[in-house]
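User: I'd like to go through this model and understand the reason behind each label you use. Could you take me through it?

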Amino acid sequence: MDVVLEIADTFVGDQVYAWALPAKQSAYDILDTANNATAESLSSWKFESVNPYFHFEPTEYAYMSAWNRDNPYRQFITLFLITWIFGFVLYFLFATLSYIFVFDKKTMEHPKYLKNQMWLEIKQTNKSMPLMSFLTVPFWLMDVRGYTKLYNTAADGPGMWYEILQYPFFILFTDACIYLIHRWLHLPSVYKHLHKPHHKWIMPTPYASHAFHPVDGWAQSLPYHIFPILFPLNKFASVGLFVFVNFWTIMIHDGEYVANSPVINGAACHTMHHLYFNYNYGQYTTFWDRLGNSYRQPDDSMFHKEEKMSSESWKKQVKEMEKIVKEVEGEDDRTYDPHGVKKNN
């Protein structure tokens, strides 16, 4: 994240902080300025790029703020804005592309599709992202200030072998941790306060991918930040994995059931979780669900378009889903789209 922060400072942050919090000049500095002293010579901060491959030379604005680039308060604010804005752009871009090119619009005719659901999903995401971002920033700050095991190049890491193995290692570690966190979120005392907003979407669209209670979304992201505290991770890989994690989260909510795999926890497995609540807690694989006796194999009909969108399949899903909702939540307080019910009953 320090590379992203450096780029953001170069093109936006330096100018903003120079304007909002200008450095106070002493009388001596003013005299020096009259003698053509540069802004750099008047600042105690010196530029050292965190990017070993390329960097942009800072402009004079980098030396003109009372809060230079190393100031932790400035770093916190900038990282918060990056996480919030970049996170939303990533979410909205990929979710929209998925909705246009992947998502089966016939899903919106399902009896358990909510009234104005897509708008509600986007609204919930917009409400949650600021707090999720705020809670995430302390971990980014640890990265930037050198309190994690992130490293620059292969020469700084355990070896070339680790440059490949860090990816499956990251997936295995985070998959195990998210499984445990997700099961914890389904404890009755926790579910009703934190996880229920995400289970509002029985038949999710790609826009449901980030439609969480903010503490729920943050809790499920913890393994991604704990990993580089415990284990080495290339910092460029960490940015790539951040993008991948968000992309994967959208994919498992897109309703396109491609991966009929006993290993991969794809969209079909995750749809089973939204429909039937107490199964398929894993994020990437089915391993931990199998180990924890919570795996439920998707119905074969889900991989045949005509069958998965048939009234017969939907009625079967609805019957079991309504029974489980009563057990998990009690009264179902969702408002379903009457158009979908009318069309499919």
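Analyst: F277 has its place in the loop between α9 and α10 (287-291). Helices here are DSSP runs of H or I with at least four residues, strands are runs of E with at least two, and both are numbered from the N terminus. This is a predicted model, where local features need pLDDT of at least 70, side-chain atom pairs count only at pLDDT 80 or more, and totals for chains, interfaces and linings use all residues. Residues are numbered from 1 along each chain as its sequence is written, and side-chain values use heavy atoms, with hydrogens and water left out.

User: Why is F277 called buried?

Analyst: Buried means under 20% relative accessible area, exposed means over 50%, and partly exposed is in between (1.4 Å probe, protein chains only). F277 has 0% relative accessibility, so it counts as buried.

User: What is the phi of F277?

Analyst: Phi is near 70° in F277, a positive value in a residue other than glycine. F277 comes just after α9.

User: How do you know that helix α9 is mostly covered?

Analyst: Helix α9 spans residues 267-276, and 10 of its 10 residues are buried. Among them are C269, H270, H273, H274 and Y276.

User: What covers the buried residues of α9?

Analyst: The cover includes α5 (160-185), α6 (188-195), α8 (235-251) and α12 (311-328). I324 lies in helix α12. Leaving aside neighbours within four places in sequence, I324 is in contact with Y276, F277 and N278. Contact means heavy atoms within 4.5 Å.

User: What makes I324 count as buried?

Analyst: I324 has a relative accessible area of 8%, so it falls on the buried side of the cut-off.

User: N116 has a positive phi too. Is N116 buried or exposed?

Analyst: N116 is exposed, because its relative accessible area is 51%. Its phi is about 55°, although N116 is not a glycine. You will find N116 in the loop between α3 and α4 (117-144).

User: Let's look at helix α3. Why is L79 called buried, and why is Y73 called exposed?

Analyst: L79 is found in α3 (residues 72-101), and Y73 has its place in that helix as well. L79 is at 0% relative accessibility, so it counts as buried. Y73 has a relative accessible area of 58%, so it counts as exposed.

User: Which residues is L79 in contact with?

Analyst: Setting aside its neighbours within four places in sequence, L79 is in contact with M1, L5, V137, W140, L141 and V144. L141 also gives a distance for Y73: the C-alpha atoms of Y73 and L141 are separated by 9.9 Å, with their positions 68 residues apart along the chain.

User: What makes F54 and F56 an edge-to-face pair?

Analyst: Rings of Phe, Tyr and Trp (its six-membered ring) pair if their centres lie within 6.5 Å; planes under 30 degrees apart count as stacked, over 60 as edge-to-face and the rest as tilted. By this rule the count comes to 31 aromatic pairs. F54 and F56 are 6.0 Å apart centre to centre, with 80° between the planes, which fits the edge-to-face class. F54 is partly exposed because its relative accessibility is 43%, and F56 is partly exposed at 35%.

User: Which residues do ring pairs link into a cluster?

Analyst: The cluster is made of F88, Y91, F92, Y99, F103 and Y207.

User: How do you know that the charged end of R290 sits over the ring of Y295?

Analyst: A charge sits over a ring if NZ of Lys or CZ of Arg is within 6 Å of the ring centre and within 35 degrees of the ring normal. The charged end of R290 is 4.1 Å from the centre of the Y295 ring. For R296 over the ring of Y276, the distance to the centre is 4.1 Å.

User: And the whole chain: how many helices and strands does it have, and how much of it is buried?

Analyst: The protein chain has 13 helices and 2 strands. Of its 345 residues, 50% count as buried.
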